[in-house]
Amino acid sequence: MNEYIEKVLKEIEKKDGSEKEFLQAVREVYTALEPVISSHPELEKNAILERMSEPERLISFRVPWVDDNGKINVNRGYRVQFSSLIGPYKGGLRFHPTVNQSIIKFLGFEQIFKNALTGLPIGGAKGGSDFDPKGKSDNEVMRFCQSFMTELYRHIGQDVDVPAGDIGVGAREVGYLFGQYKRIRDAYEGGVLTGKGLSYGGSLVRTEATGYGLIYFMREMLKNNGSNSFEGKTVTISGSGNVAIYACEKALQLGAKVVAMSDSNGCIYDKYGIELQDIKTIKEVKRGRIKDYLNNHKEAVYTEATAENPFPIWSIKTDIALPCATQNEITLEAAKKLVANGVIAIGEGANMPTALEAIEYFHSNGVLLAPAKAANAGGVATSAIEMSQNSMRFYYTFEEVDKKLENIMKNIFYSCKESAEKYGLKNNYVAGANIASFLKLSQAMIEQGVV
Ligand code: NDP
């Protein structure tokens with residue numbers, strides 16, 4: 001490994017050794033930069049790698065709230081404002097019991113590069129809390145969101161930092177957060193949050209954007225590798241949240257057969273093809289469990305997730321696998337099963353869903369891999385389009401936003417492909433995404449001086 005990269009990785013390990021997801025994310029990006037770092041000595045002179053992996057600001061705060069039984073609960077809130085190099089801090093909020101500093105920092109770090117790939121003026125951030133919205137009443141979720149925003153509001157603003165949704169934060173939570181922000185500020189500042197409801201400043205296609213964008217990226221990748229896109233392909237999709245549902249919808253529109261989806265309790269397999277409308281009713285309307293799909297589909301099979309095998313979905317035979325749930329869901333073991341079952345392509349809808357060894361295994365077995373920071377950038381790109389509509393006080397039609405999204409995803413694909421090929425790494429879109437975004441960011445960092 002290049003000496004400079006090795007030195008910086010060692011320093012980060014020494015400082016942040018307990019933050020394993022953060023270290024994993026930094027290692028993935030920095031090791032992919034080997035050919036760039038070796039041919040650009042000015043990067044070391046300007047301490048680019050050291051500066052890129054140190055957040056500009058990291059905030060942690062207390063979030064007290066009262067549940068329906070009158071009990072006082074305390075959660076921890078976070079916001080990491082990682083980089084404002086090319087625009088206001090931008091990145092979602094995650095509410096999930098597994099949230100900690102390492103998770104928030106890995107997500108914030110990834111977000112810098114993802115946002116740079118979109119070609120839009122947005123910096124990198126992420127935030128959230130270890131609060132679990134599952135099983136809470138609407139009133140409890142509202143009280144939590146109001147308490148969370150009562151601290152967060154002083155750190156954000158439409159030209160400063162613009163949060164959005166992520167796991168556990170959808171339209172309901174964004175609505176409560178926006179309502180509280182507006183009340184405290186006593187002003188309508190529409191661009192302070194994205195993923196808003198359509199009735200108060202949201203953008204058409206934002207709900208669909210991450211899933212649709214993933215499929216647009218994959219379509220380009222498949223076409224460029226001699227495959228006829230999604231027509232007639234079998235697809236499995238982990239998760240059944242925002243990203244999974246709309247990836248499924250677009251894959252079906254392009255002629256795929258989606259045979260399996262999941263949630264944290266287990267996965268369903270329907271050999272006739274999953275009825276998406278039933279999944280939407282279970283997840284978006286009833287907030288139920290994926291197992292409920294069997295109530296109307298007796299022919300479907302349900303496999304429970306266990307501690308030893310939390311993602312049984314990766315044992316199912318498929319042409320295309322779309323991990324759309326969470327980080328590190330495809331382990332080396334899962335990758336081996338997918339390859340043995342003939343998978344041809346992986347599309348990362350979730351952030352960092354594939355372990356480093358699994359990425360290497362896919363590459364060495366000729367499996368195409370669409371990396372998260374490129375393939376799931378459609379969500380944040382459409383968030384940036386929402387911000388510009390808020391500034392213009394004017395809204396595009398569904399078709400107009402969808403067309404912009406499609407073009408952005410195509411451009412991202414070609415910039416990954418060209419950057420990989422330039423450094424002799426044909427078909428390595430992981431390296432391509434890291435190199436393309438890094439070059440843009442490092443140039444901005446050098447031009448802005450030591451800040
Ligand atoms: P949602 O909360 O809408 O859905 C998440 C889905 O993944 C649920 O089905 C959930 O199951 C499952 N899941 C979450 N955590 C785990 C876990 N630890 N083990 C097993 N299953 C799990 O989130 P999104 O769809 O918005 O996000 C999914 C992924 O996509 C995340 O990695 C997120 O960072 C990434 N992403 C999201 C974007 C967006 O625009 N929303 C943009 C870019 C990336 P259950 O309900 O049982 O918990």
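Start with the place where domain 1 and domain 2 meet: in this predicted model, the two bury about 1000 Å² between them, and 68% of that area is on carbon and sulfur atoms. The size of an interface is often given as the accessible area lost when the parts come together. To see both sides, select residues 1–54 for domain 1 and 56–188 for domain 2, and give each its own colour. Their C-alpha centres lie 27 Å apart. Domain 1 brings 12 residues to the contact, and domain 2 brings 11 residues. You can also colour domain 3, which covers 209–375.

**Next stop: helix 2 and helix 6**

Select residues 20–32, which are helix 2, and residues 101–117, which are helix 6. Their axes come within 6 Å and cross at roughly 25 degrees. An angle under 35 degrees counts as roughly parallel, so helix 2 is roughly parallel to helix 6.

Now show the side chains. On helix 2, look for Lys20, Glu21, Phe22, Ala25, Val26, Val29 and Tyr30. Facing them in the contact on helix 6 are Ser102, Ile103, Lys105, Phe106, Phe109, Glu110 and Phe113. Colour this set by class and you will find 9 nonpolar, 1 polar and 4 charged residues.

**Then: helix 1 beside helix 2**

Keep helix 2 on screen and add residues 3–16, which form helix 1. How do the directions of helix 1 and helix 2 compare, roughly parallel or roughly antiparallel? The axes come within 11 Å and cross at roughly 175 degrees; the two helices are therefore roughly antiparallel to each other.

From helix 1, the contact uses Ile5, Val8, Leu9, Ile12, Glu13 and Asp16. From helix 2, Phe22, Leu23, Val26, Arg27, Tyr30 and Thr31 take part. By class, these residues divide into 8 nonpolar, 1 polar and 3 charged.

**Last stop: helix 15 and helix 16**

Move along the chain and select residues 378–392 for helix 15 and residues 398–422 for helix 16. Here the axes come within 10 Å, with a crossing angle of roughly 135 degrees, which makes helix 15 oblique to helix 16. Turn the view and you can follow helix 15 as it passes helix 16 in a right-handed crossing.

To see what touches, pick Gly378, Ala381, Thr382, Ile385 and Gln389 on helix 15. Their partners on helix 16 are Val401, Lys404, Leu405, Ile408 and Met409. This contact has 6 nonpolar, 3 polar and 1 charged residues.

Technical notes. Residues numbered from 1 in each chain as written. Predicted model: local features only at pLDDT ≥ 70, side-chain atom pairs only at ≥ 80, totals over all residues. Heavy atoms only, no water. Axes fitted to C-alpha atoms, helices over the stretch in contact; angles between N-to-C directions. Helix = DSSP H or I, 4+ residues; strand = E, 2+ residues; numbered from the N terminus. Parallel < 35°, antiparallel > 145°, perpendicular 65-115°, else oblique. Left-handed = near helix turned anticlockwise from the far one by under 90°. Contact = heavy atoms within 4.5 Å. Nonpolar A, V, L, I, M, F, W, Y, C, P; charged D, E, K, R; others polar. Domains from an automatic or database assignment. Buried area = accessible area lost by both parts, 1.4 Å probe.
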